[in-house]
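Here is a walk through one protein chain with a ligand in place. Have the sequence and the 3D view open, and follow along residue by residue.

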Amino acid sequence: MVRYTMLCIALTMSGCIEGSGDLIDENKIMLILGVETSCDETAAAVYDSTQKRLLSNSLFSQIKLHEIYGGVVPEIASRSHLEKIDIIICKALQDAQKTLDDIDVVSVTTKPGLVGSLLIGTCFAKAIAWGKNKKLIGVDHLHAHIFSSFLKESFETEEVEFPHLCLLASGGNTAFYLVKDFGQAQIVGQTSDDAAGEAFDKIAKIIGFGYPGGATIEKKASEVKFQDYFGYPRTKDLRKTLDFSFSGLKTAVLYDLVKRGAYDLGKGPIWDAVTPELQQKVSSSLLVCIADIFEKKLELAFKLYPQVKAFTFVGGVACNSYIKNRLQTVCQKMGKKFVCPPCKFCGDNAAMVAFVGGYKAQRGQFADFYLDVLKT
Ligand code: KG4
């Protein structure tokens, strides 16, 4: 694998462009190697598109490298991807009991994300495809999340009936999609500022939790049984639009902490006043507030798009059991199917990239070696 790392570096530096290999029979496409490096996870997975089954899912999380900075440092992220990518791809191949020679298609996330990080995965994928004469596919990270709802704990896949609604809530995105078919997802509502995960992470930071903060907020909220102590403001136009805004909520929490003597606008958190009890109350009030917003928006979405049969909840925030239960209850009331992938497929992973690579391959949507992370 070392020579592919070298080839990757050479391609990165030279921008080496060559034509793609011989055309292969699309009906014979079986094994897809998925590669994901858009942010702070280096991930690879092997998907068998004939059996519609994942064979492996391997991942290295960089959280430990970034947590002391309270967020992702792009330069550290790209360096770590370069160090780990060959190890993770080898692991995915070994777990699948396959070699690179068995792979038919390399499918890689090319956008959106941190440019340096995307470049590592994309150049590595190009290098493998070029060196081993494989087909290449570029995948949009958001589409990969949207179709992660097809992935099951057992590594089997199961189609969610089209059209369906999808709420993608991660650290970088919060949006509603009307998913009409494979690869056809129309945005019908999105955040105008922060993402929901970002709101969890930023507020977690000011009350003294590590990065990322979403899971800790949920744990603290569960300790006080998800009570709404502080009644933070719900978004304006809650029942009128599917768009979101979370930056006002973050400011409201901050000013509430100032009022309680736990935050100084000049100096930051006043740690003596940030008691475990206050941490629980802020966490619980914040979680209930965001769940309320999602719940009301989902009710509106079902009114606006009555034709949908199902709703899917994806992205890192979909690991949150409290929000999941609230949204599942809405679906039950409205007679819609609720689908949420297992947590390992909610956060960034390569299984979803390999899966999207599978349906794009069946449609002949291959990339050439001009595949680029800067194109929109
Ligand atoms: O999809 P994801 O892994 O990727 C990025 O956007 O990078 O999502 C990460 C986000 C973080 O903001 C994290 O705090 C949030 O998902 N998250 C959660 C939970 N687990 C992860 N938010 C709320 N509750 C959770 N249990």
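Let's start in the loop between helix 3 (74–95) and strand 4, where glutamine 97 is found. One caution before going further: this is a predicted model. Glutamine 97 is worth a click since its phi is positive, about 55°, although the residue is not a glycine. Most residues other than glycine have a negative phi. Is glutamine 97 buried or exposed? With a relative accessibility of 72%, glutamine 97 counts as exposed, because the cut-off for that label is over 50%.

Lysine 225 is another residue to check for its backbone angle. Its phi is near 55°, again a positive value in a residue other than glycine. You'll find lysine 225 in the loop between helix 7 and helix 8 (247–259). The relative accessible area of lysine 225 is 67%, so this residue is exposed.

**Cis peptide bonds**

While you're looking at the backbone, have a look at two prolines. Lysine 111 and proline 112 are joined by a cis peptide bond, with omega at about -20°. Proline 112 sits in the loop between strand 4 (105–111) and helix 4 (115–132). The other case is the bond from phenylalanine 162 to proline 163, which is cis with omega near -10°. Proline 163 has its place in the loop between helix 5 (141–146) and strand 6 (164–169). For context, most peptide bonds are trans.

**Around the ligand**

Now to the ligand. The space it takes up is the largest pocket. Which elements give two or more residues to the shell around the ligand? They are helix 6 (196–206) and helix 7 (214–223). There are 20 residues around the ligand, and those that come nearest are Gly171, Asp201, Glu218, Gly316 and Asn320. Sorted by class, the shell holds 6 nonpolar, 11 polar and 3 charged residues.

If you want specific atoms to zoom in on, here are some polar contacts to the ligand.

| Ligand atom | Protein partner | Distance |
|---|---|---|
| nitrogen | N or O atom in the side chain of glutamate 218 | 2.9 Å |
| oxygen | polar backbone atom of aspartate 348 | 3.2 Å |
| oxygen | N or O atom in the side chain of serine 170 | 3.4 Å |

How much of the ligand does the protein cover? On its own, the ligand has 560 Å² of accessible area, and the protein covers 86% of that.

**Buried residues with a polar side chain**

Back in the loop between helix 5 and strand 6, find serine 148. Its relative accessible area is 0%, so serine 148 is buried. What does its side chain reach? A polar atom of the serine 148 side chain lies 2.5 Å from the backbone oxygen of histidine 145.

Threonine 191 can be read in a similar way. This residue lies in the loop between strand 8 (184–190) and helix 6. Its relative accessible area is 16%, and threonine 191 is therefore buried, as the label applies under 20%. A polar atom of its side chain lies 2.5 Å from the backbone oxygen of aspartate 194.

Serine 78, found in helix 3, counts as buried because its relative accessibility is 17%. If you're after a distance across the fold, try serine 78 and alanine 204: they are 126 residues apart along the chain, and 25 Å separates their C-alpha atoms.

**Two small residues in helices**

Alanine 144 has its place in helix 5. This alanine counts as buried, since its relative accessibility is 0%. Between the C-alpha atoms of alanine 144 and leucine 33 the separation is 14 Å, and the two residues are 111 apart along the chain.

Last stop: glycine 214, in helix 7. Is that glycine buried, exposed or partly exposed? Its relative accessible area is 22%, so glycine 214 is partly exposed. Glycine 197 is 17 residues away along the chain, and the C-alpha atoms of the two glycines are 6.6 Å apart.

Notes:
Residues are numbered from 1 along each chain as its sequence is written. This is a predicted model: local features need pLDDT of at least 70, side-chain atom pairs count only at pLDDT 80 or more; totals for chains, interfaces and linings use all residues. Side-chain values use heavy atoms; hydrogens and water are left out. A residue is near a molecule or strand if one of its heavy atoms lies within 4 Å of it. A polar contact is a pair of N or O atoms within 3.5 Å; within protein, one must be able to donate a hydrogen and the other to accept it, and residues adjacent in sequence count only if both atoms are side-chain atoms. Accessible areas come from the Shrake-Rupley method with a 1.4 Å probe; for residues, only the protein chains shown count as cover. On a 1 Å grid over the protein atoms alone, a cavity is a set of points where a 1.4 Å probe fits but cannot get out, and a pocket is an open set with protein on both sides within 12 Å along at least five of seven lines; lining residues have an atom within 4 Å of a point. A molecule sits in a cavity or pocket if more than half of its atoms lie within 2 Å of its grid points. Helices (H or I, at least four residues) and strands (E, at least two) are DSSP runs, numbered from the N terminus. Ala, Val, Leu, Ile, Met, Phe, Trp, Tyr, Cys and Pro count as nonpolar, Asp, Glu, Lys and Arg as charged, and the others, Gly among them, as polar. Buried means under 20% relative accessible area, exposed over 50%, partly exposed in between (1.4 Å probe, protein chains only).
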